[in-house]
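Q: I'd like a close look at one part of this model, the way its helices pack against each other. Please start with how you describe such packing, and then walk me outward to whatever surrounds it.

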Amino acid sequence: MQTSLVSKITLRLNKVQPLTFIKVFIFTLGGVASCYQIYNMALIDALESEIEDNYLQIYGSIRRFGSFYNNSSSQPLQQGVYDHEGISVLVRQNNVEVKELSEGILNLSEHLDQYALGNIWTVAVLENPSHYAYFHPLRQEYQESFEDYSIDSVSTRIIGREGLAETYRSFYGCNLRISEPYVEDASGELIRSIFYPIHNDKKLDAVLIVDLKESHLSDIVARFNATHMTVMKVNERYSSFSKAAPLRCSNDEDYRIGIVFMDVLKSALLPSLLLSVIAMFILNLASRRGRSIHTDEMTGLGRRDFFEPKFKRMQEFSLLLIDIDHFKQINDTYGHTKGDEVLKECARIIRSQIRQEDVAVRWGGEEFVIQFKGMYQHSLYDKAEQIRTAVANAPVSGLPVTVSIGGISLKETDFATAYKAADTALYQSKNRGRNKVTIS
C-alpha cells in the first residue's frame, strides 16, 4: 500500500513543470532558512546560560575540594614517586609530611566528569612550599616541569601571575581563576587551566589545578545543538550573527557564540525539499480536483453539467454536434473496453483540431459538442470537415471509425434553439449515409 502511494505521488509530481517546482523550492528554502535563523538567534541566550551553569558546576566541585584538603591527615614519605589508583604523588625531599589526597582527587575527578563531558586533561595539587605535588594523571612533561620548580615556585609562578594572592577574601565570588586557552608544548593539546588556591589563616597552603580541554566549550554547544536542533558554534570567524559572552572567573576576552548562515542553509535543505514536495502534491491534487469539476475523466473534454449552464447564458453560437458512427455496434462486437478506447482516441483527435479558446464537451455517450469563438458559417463547415477527415483517416484504436457532424452558426438566439438546429443537421448527416457534415 505504501509503495502504491509513493508511486501515485511520483506519477503526479512527474506531471509538474520542473521550473514550477524549482520556484516553489527556492521560495520554501528562503522561508525555512529565515525562520531557522531566527530560531537559532532566539536560543543564543539559553546557550550562554547553559555554558555559564556548566562552568559554575565545575567551579563548585573544585571549591568543595578545599574542605577535603583541610580535613586530610598526613604521613611522612621519602623522596620519590608514589602511585595509587592512577594518582601519583611526587615527593622532592626525604621525611616530608604529605597529605593523603588520593581519595579526594578521585572523588573530584568523578564529579568533574559529570559536567566536563570527558574533557578533563589533568588534575594536580601543588603544595606550598613545593615539597610535593599530586597529579592525576602524572604526565612526563608535568613531572619534568615540577622537578624544575623552586621551593617557592607555587606562590611566585602561579599565584602572582594569576592574581590569586588574596582570593580568600572572595568566598562567594571568583576565588579561583580560569586561564586563557594555550597549547601545551609536549602534547599540543589546547587547554585552559583552572587555578584554585587553598588558603588557611590568610596563608597559601596549596593550589588545585584542573586542566580542561578547550574543546569542552565546543562540546557544550554540540550537546545543546543536538538537544534543541540548532547549529550554533563558538568563536567562529565567519558567523552571520554572533554574540559576545564572558566566561566567569576568566581574565581572557569574551568568547563568541555565532551562527553560520551556510549551516542554517544546509539544515534547511531537507525540510524545504520535503515541504516543497508536499506543497506540489497538494497543488497537484487541487488542480486535479479543479479539473474534475469541469473535465470529463475519460475523454479529457469538458463536462456537460459544468458547461451547459454557461451555454444557456449565451446568445451567439458557432456550434458543432459530433456523433461516433455505429458506436453501439463497436461496443457489442469488441466490448466496452474497446469502446472506451475509441471514445478517448476520438476525443484526442477533436482536441488536436480546435483552438485553445474553443470549448469541446462530451455531451453524453458517444456525442460531443464544440462551441467555437467567432467562427462564421463557411469557416465552421471547413473546421467540421477537418475534424471528420482526421477521424476517418486515422485508425482509431485499430478500428476504422467515422463520425457524423451537424452544425449551426446563429446570433441573438438561445442555446435550446441553437442545439435543436445543430441536432437536426446531425440527423441529416446520418440520413445521408453517415461520415458526413451538415451545416444549417
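A: Let's begin with the words for helix directions: an angle under 35 degrees counts as roughly parallel, over 145 as roughly antiparallel, 65 to 115 as roughly perpendicular, and the rest as oblique. The axes behind those angles are lines fitted to C-alpha atoms, for helices over the stretch in contact, and the angles run from 0 to 180 degrees between N-to-C directions. Helices (H or I, at least four residues) and strands (E, at least two) are DSSP runs, numbered from the N terminus.

Please keep in mind that this is a predicted model: local features need pLDDT of at least 70 and side-chain atom pairs pLDDT 80 or more, while totals for chains, interfaces and linings use all residues. Residues are numbered from 1 along each chain as its sequence is written, and side-chain values use heavy atoms, without hydrogens or water.

Now to the helices. Helix α3 spans residues 44–70 and helix α4 spans residues 102–116; their axes come within 9 Å and cross at roughly 170°. The two are therefore roughly antiparallel to each other. On the α3 side, the residues in contact (heavy atoms within 4.5 Å) are Asn-54, Gln-57, Ile-58, Ser-61, Ile-62, Phe-65 and Phe-68. They meet Glu-103, Gly-104, Ile-105, Leu-108, His-111, Leu-112, Tyr-115 and Ala-116 of α4.

For another pair, look at helix α10 (residues 327–334) and α11, whose axes come within 7 Å and cross at roughly 140°. That angle makes α10 and α11 oblique to each other. From α10, the contact uses Phe-327, Ile-330, Asn-331 and Tyr-334, and from α11 it uses His-336, Lys-338, Gly-339, Val-342 and Leu-343.

Val-342 is a good residue to click on here. It lies in helix α11, which covers residues 336–353, and at 0% relative accessibility it counts as buried (under 20% relative accessible area; over 50% is exposed and in between is partly exposed, with a 1.4 Å probe and protein chains only). Leaving out residues up to four places away in sequence, Val-342 touches Ile-324, Phe-327, Ile-330, Val-396, Ser-397, Leu-399 and Val-401. From Val-342 to Asn-331 the C-alpha distance is 9.6 Å, and 11 residues separate them in sequence.

Moving outward, you come to the aromatic side chains. Rings of Phe, Tyr and Trp (its six-membered ring) pair if their centres lie within 6.5 Å, with planes under 30 degrees apart counted as stacked, over 60 as edge-to-face and the rest as tilted. The count is 12 aromatic pairs. In one of them, Phe-306 and Phe-307 have ring centres 5.0 Å apart and planes at 80°, so the pair is edge-to-face. Phe-306 is partly exposed, at 28% relative accessibility, whereas Phe-307 is buried at 14%. Phe-317 and Phe-415 form a tilted pair, since their ring centres are 5.9 Å apart and their planes stand at 50°. Phe-317 belongs to strand β15 (residues 317–324) and Phe-415 to helix α13 (residues 415–431), so this pair ties together parts that are 98 residues apart in sequence. Both Phe-317 and Phe-415 are buried. These four phenylalanines belong to one aromatic cluster, together with Phe-311, Trp-363 and Tyr-419.

Towards the end of the chain, Thr-438 sits in strand β19 (residues 437–439) and is buried, with a relative accessible area of 9%. Beyond its sequence neighbours up to four places away, Thr-438 touches Ile-405, Gly-406, Gly-407, Ala-425, Gln-428, Ser-429 and Arg-432.

A few backbone details in the loops are worth a look too. Cis peptide bonds, each with omega about 0°, join Asn-128 to Pro-129 and His-136 to Pro-137. Pro-129 is in the loop between β5 (120–127) and β6 (132–136), and Pro-137 is in the loop between β6 and α5 (140–147). Met-229, although not a glycine, has a positive phi of about 55°; its loop runs between α7 (215–228) and β11 (232–234), and Met-229 is exposed at 62% relative accessibility. Asn-235 also has a positive phi, near 55°, in the loop between β11 and β12 (241–245), and it is partly exposed at 43%.

Finally, the whole chain: it holds 13 helices and 19 strands, and 43% of its 440 residues are buried. Of the contacts between residues at least 6 apart in sequence, 66% join residues at least 24 apart.
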